[in-house]
Amino acid sequence: MGRLITFEGIEGCGKTTQAALAGEYLQRLRIPFVLTEEPGGTPFGKRIREILLTKTLSEPAAKAELLLFAADRAQHVKEVIEPALEKGKAVLCDRFIDATVAYQGFGRGLDIGLIKTLNAFSTGSLRPDLTLLFDLPVETALMRVRARRSNKGLDAVDDRFEGEEAAFHRKVREGYLRAAAEEPHRFRIIDASREISQIQSEVEGHLAKLLAI
């Protein structure tokens, strides 16, 4: 079996960049891997991703949002993650079960016990071998989000989660840190306020240890 490595954190933490760099690292070492994301890791999931992230006049209720993430994850595990693991590949996944606990549980205030049950159902109880949590203050993260949008020439925020108030993101960060405290054997908390190269070096160290490189 392969290894499932998940990349987690609040908006603007740099996890997507680090997941891509991790893929380049494994590619240089000729280690078979799959780089994927949630939501949207399958053709079916891409349609769900559009519903979940796009700001519209009619946004999904919190419970509907939770169920959409679960549907995306169930398809993702069946179509992408499990087949890759069975082939002995490393799976680098940008967001997974912990994101739902942090965002829909702590952020939206939905029942965390129910969310964990739903996570287990949608994944067949599959859990990551390693979760890299990219942590930084909310104010710093939101400044990065604004700068990124400005660099792309975008004015209005069209991502539902990026557009949430700072208080929401603080709850999400709290959720992540709580999860890391509950499962210290699985989580590695990474200081995401540093330079990209410094973070990349730490990530590669964690991957090397897990994969016995």
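This is a guided tour of a predicted model, going from the central sheet to the helices around it and ending in the loops.

**The sheet**

Begin by showing the strands alone: five of them form an open sheet in the order β2-β3-β1-β4-β5, and the pairing is parallel. Colour β2, residues 33-37, and β5, residues 187-191, and you have the two edges of the sheet; each has a single partner strand, so one side of each is left without a neighbour in the sheet. If you look along the sheet, neighbouring strands are turned against each other by 20° on average, with direction ignored.

**Strand β1 and its partners**

Next select β1, residues 3-8, which pairs with β4, residues 130-135, in the parallel sense over four bridges. Two places to zoom in on are F7, whose bridge partner in β4 is L132, and I5, which stands opposite L130 in that strand. Turning to the other partner, β1 and β3 run parallel and are joined by five bridges, and here R3 can be found opposite A90 of β3. Is β1 enclosed by the rest of the structure, or is it open? Five of its six residues are buried, so β1 is largely enclosed by the rest of the structure.

**Helices on the sheet**

Now add helix α1, residues 15-28, which lies across β1, β2, β3 (90-94) and β4, and which runs at about 165° to β3. Then add helix α7, residues 166-182, which also packs on the sheet, where it touches β1, β4 and β5 and has a direction at about 140° to that of β4.

**The nonpolar cores**

With these elements in view, display the side chains of F7, Y103, F134 and V203, which have the most contacts inside the largest nonpolar core, a set of 38 residues. The largest share of this core, five residues, comes from α7. Centre on V203 and ask which residues it touches, leaving aside its neighbours within four places in sequence. V203 is then in contact with F7, Q18, A22, L132, F134 and I190. Another core lies apart from the largest one; it has 12 residues, and to locate it you can select V34, I81, F96 and L126, which are among them.

**Helix α3 and the helices packed on it**

Move on to helix α3, residues 62-86, and show helix α5, residues 112-123, beside it: the two pack at an angle of about 30°, with their axes 8 Å apart. Angles under 35 degrees count as roughly parallel, and α3 and α5 are therefore roughly parallel to each other. The crossing in which α3 passes α5 is right-handed. To see the contact itself, select L66, L67, A70, R73, A74, V77 and E82 on α3, together with I115, L118, N119, S122 and T123 on α5.

Keep α3 in view and replace α5 with helix α2, residues 43-53, which packs with α3 at an angle of about 160°, their axes being 9 Å apart. Angles over 145 degrees count as roughly antiparallel, so this description applies to α2 and α3. The crossing of this pair is left-handed. On the α2 side the contact is made by P43, F44, G45, I48, I51 and L52, and on the α3 side by E65, L68, F69, A71, D72, Q75 and E79.

**Backbone details in the loops**

The last stops concern the backbone, and the background to them is that most residues other than glycine have a negative phi, and most peptide bonds are trans. Select E38 and P39, which are joined by a cis peptide bond with omega of about -10°; P39 is found in the loop between β2 and α2.

Go then to the loop between α1 and β2, where R30 lies. Phi of R30 is near 60°, a positive value in a residue other than glycine. Is R30 buried or exposed? With a relative accessible area of 79%, R30 is exposed.

Finish at S125, in the loop between α5 and β4. S125 is not a glycine, yet it has a positive phi of about 70°. This residue, too, is exposed, and the relative accessible area of S125 is 52%.

Notes. Residues are numbered from 1 along each chain as its sequence is written. This is a predicted model: local features need pLDDT of at least 70, side-chain atom pairs count only at pLDDT 80 or more; totals for chains, interfaces and linings use all residues. Side-chain values use heavy atoms; hydrogens and water are left out. Two strands pair if DSSP finds at least two bridges between them. Axes are lines fitted to C-alpha atoms, for helices over the stretch in contact, and angles run from 0 to 180 degrees between N-to-C directions. Contact means heavy atoms within 4.5 Å. A nonpolar core is a set of buried Ala, Val, Leu, Ile, Met, Phe, Trp, Tyr and Cys residues joined through side-chain atoms within 4.5 Å. Buried means under 20% relative accessible area, exposed over 50%, partly exposed in between (1.4 Å probe, protein chains only). Angles under 35 degrees count as roughly parallel, over 145 as roughly antiparallel, 65 to 115 as roughly perpendicular and the rest as oblique. A crossing is left-handed if the near helix is turned anticlockwise from the far one by less than a right angle, and right-handed if clockwise.
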